[in-house]
Amino acid sequence: MTRQLVGKVAAVTGAASGIGLATSEAMIAEGARVVMVDRDQSALEALRDKHGDAVLPVVVDLLDPADCATLLPRVLNAAGQLDIFHANAGTYVGGELVDADTTAIDRMLNLNVNVVMKNVHDVLPHMIERGTGDIIVTSSLAAHFPTPWEPVYASSKWAINCFVQTVRRQVFKHGIRVGSISPGPVATALLSDWPADKLREAREAQSLLEASEVASVVTFMLTRPRGMTIRDVVMMPTNFDL
Ligand code: NAD
């Protein structure tokens, strides 16, 4: 079968683990070169060893404003162009609001909202100049079905959904497609505070998604013909009853 992303360059943030890793590897399988952006240098080096020239590792701490601002120049320096940007890095704060650490809330809002907006702001001029580009943002089912155990996290993803829906309408005229994925719980390191038996039960009850499932939806969105929009895809596990 023809690989559908040959000749494309993608940049994925939070690419060393979980959903970002799975989407990076799915895009590589479709023939793209992927600039894998993460703060985890050793994981990126191992991925470069695994995939060779298809991986262009860029070590960035997105929560460091100066480092974050270097993202696009470093992507272009590594790959020369940018066709696909997956703004995926994010973190989680859950539980009772009164128990939440305000520094952790600040870091989460910065990474899940401010950094995504700044990254998209920074990559757009390059895509506008080329008259083409695809941007996908990782949101969450939490934004669509806010539950009482994650008020700040759900709000961060709600904010980013609004951002996606408004920016999409601004840049459509430039040939740029903007979409989002909103998965329910996915078996990744983000759930590392879940006890092993809860994870196992959730998998058995089919109330968890696998990162590879999310990745296959992303490649489906990206390989739609250019005349088609890529929209916002909500991914509900078979049993959403956690
Ligand atoms: P993960 O913890 O497996 O991966 C996150 C990656 O981001 C890691 O490689 C980490 O090193 C990187 N990262 C974190 N902070 C960074 C920083 N400051 N600079 C650079 N890199 C940084 O998590 P995941 O589950 O793959 O989450 C990815 C996205 O998916 C997040 O936006 C998350 O909110 C969203 N999401 C996750 C789930 C889930 O249940 N896992 C569900 C819905 C949405």
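**Reading the sheet around β2**

Mentor: Arg 33, Val 35 and Val 37 point one way from β2, while Val 34, Met 36 and Asp 38 point the other way, and all are buried. This is a predicted model, in which local features need pLDDT of at least 70, side-chain atom pairs count only at pLDDT 80 or more, and totals for chains, interfaces and linings use all residues. Residues are numbered from 1 along each chain as its sequence is written.

Trainee: Why is β2 called mostly covered?

Mentor: Buried means that 20 or more other C-beta atoms, placed from the backbone, lie within 10 Å of a residue's own (exposed is 12 or fewer, partly exposed in between). In β2, 6 of its 6 residues are buried, so the word fits the definition.

Trainee: What makes β1 and β2 a pair?

Mentor: Strands, which are DSSP runs of E with at least two residues numbered from the N terminus, pair if DSSP finds at least two bridges between them. Here 5 bridges join β1 to β2, which run parallel, so they pair by that rule. Thr 13, for one, stands opposite Val 37 in β2.

Trainee: Why is the crossover from β1 to β2 called right-handed?

Mentor: With the strands pointing away from the viewer, the path from the first strand over the helix to the second runs clockwise. That is the verdict for the chain crossing from β1 through helix α1 (residues 18–29) to β2.

Trainee: What makes β3 an edge strand?

Mentor: The open sheet has 7 strands in the order β3-β2-β1-β4-β5-β6-β7. β3 (55–59) and β7 (232–235) each have a single partner strand, so one side of each lacks a neighbour in the sheet.

Definitions and conventions:
Helices (H or I, at least four residues) and strands (E, at least two) are DSSP runs, numbered from the N terminus.
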